[in-house]
Amino acid sequence: MIKTFASIGSLKARITVVVVFLVLLAAGLVTYVSLHLAERQMRSVVGDQQFALLSSAAAYIDEDLVSKKSLLAALREQLVYADIGAPSAIQGFLEAHGSLRDEFFNVIALDKSGKLIANLNDRRAVGDFSKRDYFIDTVAAHEGLVSHPFRSTLSGKPVVVVTEPVYDAAGKLLFVIGGAIDLQRPRFFGQLEALKSGRTGYLFMLTTTGTIIHHPDKQRILNNVKDEAGGVVPSTLAAMNGFEGTLDGKSKRGIVSLITYKRLRQTDWIIGAVYPVDEAFAPLIDMRKNAMVASAAVAAAAGLIGWLAILRLLRPLGALRKHVARIAEGSKDIDVFDVARKDEFGELSRAFFNLSQQRRDAENNLVKLTRTDPLTDIHNRRMFDEIFAAALERARRSRRGLGLAYLDIDRFKQINDTYGHGVGDQVLVEFAKRLKNCVRITDAVARLAGDEFVVIFEHLGSHDEAAGLATKMLDAIRPDFLVGGLVLTVTSSVGIAVDMGSVGAVGDFMEEADKALYAAKEAGRNGYSVRLLRTPSAQPAGVMSAPAVADSHK
Ligand SMILES: Nc1nc2c(ncn2[C@@H]2O[C@H](COP(=O)(O)OP(=O)(O)OP(=O)(O)O)[C@@H](O)[C@H]2O)c(=O)[nH]1
């Protein structure tokens, strides 16, 4: 199945197709134009050559007719000189000059009334030729002529007759001598046949009125082209109207040919040459075939070279594609883009780099958004869940103590109600900040909701450390809060759940920390309470540590 251009998937293949097409087009165009010019030039050269040939053929026939006329004139001189006038004497004279047959098919003599008085070929023949045009014209013109072609009544052959009138000293017509030329006799046109061009080219002759005098198809001799089936071909019509030279045309048999015409000087005859175009331009046709093969070869070579060049030129594109794929699958960083390149691939790499960076920033922002509390910029509940699960796992493996502090600002609602929600927000921000600053960088601080915060303490050496941590946090909160131009005293209650055996679940921790916080609140707020999930000596979860509520900072 032939692929459409758009369905060719690869850019390389498309560019190669374009290159092949363009080279083919260019080679085809150059070939066409040069061959067209060559053909025009060749046409004019061949035309000139044909015309020159015909001119020499015409000159040959003219010369031949002149020599025939001269021969008859010489005959006349001899007849007059010898004073031969009696028919039998003329017959004898003709028969004595048998070499006349070299020039004429037959020689006759007609008396002044047109009656046959001598006949070289047949002395017994009789006939009246007074109505023959050539006799009437010769008598009228008082000089010899070349007749129109006609069929001889004596021989039945197509002939033309060359005449010569014979006068006595007083200028009285004695008789007319006529030399007949057999139009089918090869000798007269034999020389012409040698001049034909190409294998099937040929020469022909006709009168200006259209009577065929010579043609390779002997059947057509004496036919008038106007009467033939199909009528006169346009080029012949032009020649009959006076054209001399070469024309493109079709022969009677429909063969496209170069047809050249030339008029004779001695008669109103036209000599023509037909040169079939196929034969005239055979070298050019061969050249055209060779040029087509050469064009195809050049296009194929250009396609191959183009393909290799494209492969090389587009190599950075392949690298770029691989980089994008690897970055997408996460095995490479966006630094692999070659942003220093100066070409279009460099531009593309820079564009990809910027795009990837934007995407990475957007992803980071999204991740941050999903994991960070937007108000205080510390971890949110979701992040806390992840961090705490991981911390629990680590504690389990290392069998180190783990603590979860649950903090709730005391009477925060009052702050909101008294100073407004905006001030409340600022208190939350300041609270988170202080909390974060007072614990280790490895201790995770998160806001669960409202005024509830948690802190995860890893690697606790003993449950006693919990009280110290709670005190540290309460100490950090104690100084006045300077928010919205106000000086506020903010306190917090802290509940801490500690597991030194590290076997508690997330829910256990939350529950115990919540209970501890509740206890701290119950004890009057601004204090802390610690609950152990499990003591080092495997104390059961939920057992209250001592002191159950510590408000040592009060
Ligand atoms: N400004 C502000 N207030 C919030 C936010 N989220 C929750 N709150 C308010 O925080 C208050 C929390 O009050 P509670 O913890 O229930 O009670 P409390 O007033 O702190 O009293 P105790 O906890 O018993 O000491 C509620 O009034 C909430 O509307 C917040 O993002 N910003």
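Let's start with strand E6, residues 202-207: five of its six residues are buried, so the strand is largely enclosed by the rest of the structure. Please keep in mind throughout that this is a predicted model.

**Partners of E6**

Which strands pair with E6, and in what sense? Strand E10, residues 269-276, pairs with E6 in the antiparallel sense over six bridges. Strand E7, residues 212-214, also pairs with E6 in the antiparallel sense, here over two bridges. The table sets the two pairings side by side, each with one pair of residues that stand opposite each other.

| Partner of E6 | Residues | Sense | Bridges | Opposite residues |
|---|---|---|---|---|
| E10 | 269-276 | antiparallel | six bridges | Thr207 and Trp269 |
| E7 | 212-214 | antiparallel | two bridges | Met205 and His214 |

E6 and E7 are joined as a hairpin, with four residues between them. If you look at backbone torsions, stop at Gly210 in that turn, where phi is positive at about 105°.

**Two helices side by side**

Now for a helix pair. Helix H9 covers residues 315-329 and helix H10 covers residues 344-371; their axes come within 10 Å and cross at roughly 10°. Angles under 35 degrees count as roughly parallel, and therefore H9 is roughly parallel to H10. On the H9 side the contact is made by Pro316, Leu317, Leu320, Val324 and Ile327. H10 answers with Phe345, Leu348, Ser349, Phe352 and Ser356. What is the chemical character of this contact between H9 and H10? Its residues divide into eight nonpolar and two polar, with no charged ones.

**Around the ligand**

The ligand is surrounded by 17 residues, and the closest are Asp410, Phe412, Lys413, Gly424 and Gly450. Which elements each supply at least two residues of this shell? They are strand E11 (401-409), helix H12 (412-419) and helix H13 (421-438). By class, the residues of the shell divide into eight charged, five polar and four nonpolar. Charged residues thus appear in the ligand shell, whereas the contact of H9 with H10 has none.

**The whole protein**

Finally, step back to the overall picture. The secondary structure comes to 15 helices and 18 strands. Of the 554 residues in the protein, 31% are buried. As for contacts with a separation of 6 or more, 60% of them are accounted for by residues 24 or more positions apart.

Technical notes. Residues are numbered from 1 along each chain as its sequence is written. This is a predicted model: local features need pLDDT of at least 70, side-chain atom pairs count only at pLDDT 80 or more; totals for chains, interfaces and linings use all residues. A residue is buried if 20 or more other C-beta atoms lie within 10 Å of its own, exposed if 12 or fewer, and partly exposed in between; C-beta atoms are placed from the backbone. Two residues are in contact if their C-beta atoms, placed from the backbone, lie within 7 Å. Axes are lines fitted to C-alpha atoms, for helices over the stretch in contact, and angles run from 0 to 180 degrees between N-to-C directions. Angles under 35 degrees count as roughly parallel, over 145 as roughly antiparallel, 65 to 115 as roughly perpendicular and the rest as oblique. Ala, Val, Leu, Ile, Met, Phe, Trp, Tyr, Cys and Pro count as nonpolar, Asp, Glu, Lys and Arg as charged, and the others, Gly among them, as polar. A residue is near a molecule or strand if its C-beta atom, placed from the backbone, lies within 6 Å of it. Two strands pair if DSSP finds at least two bridges between them.
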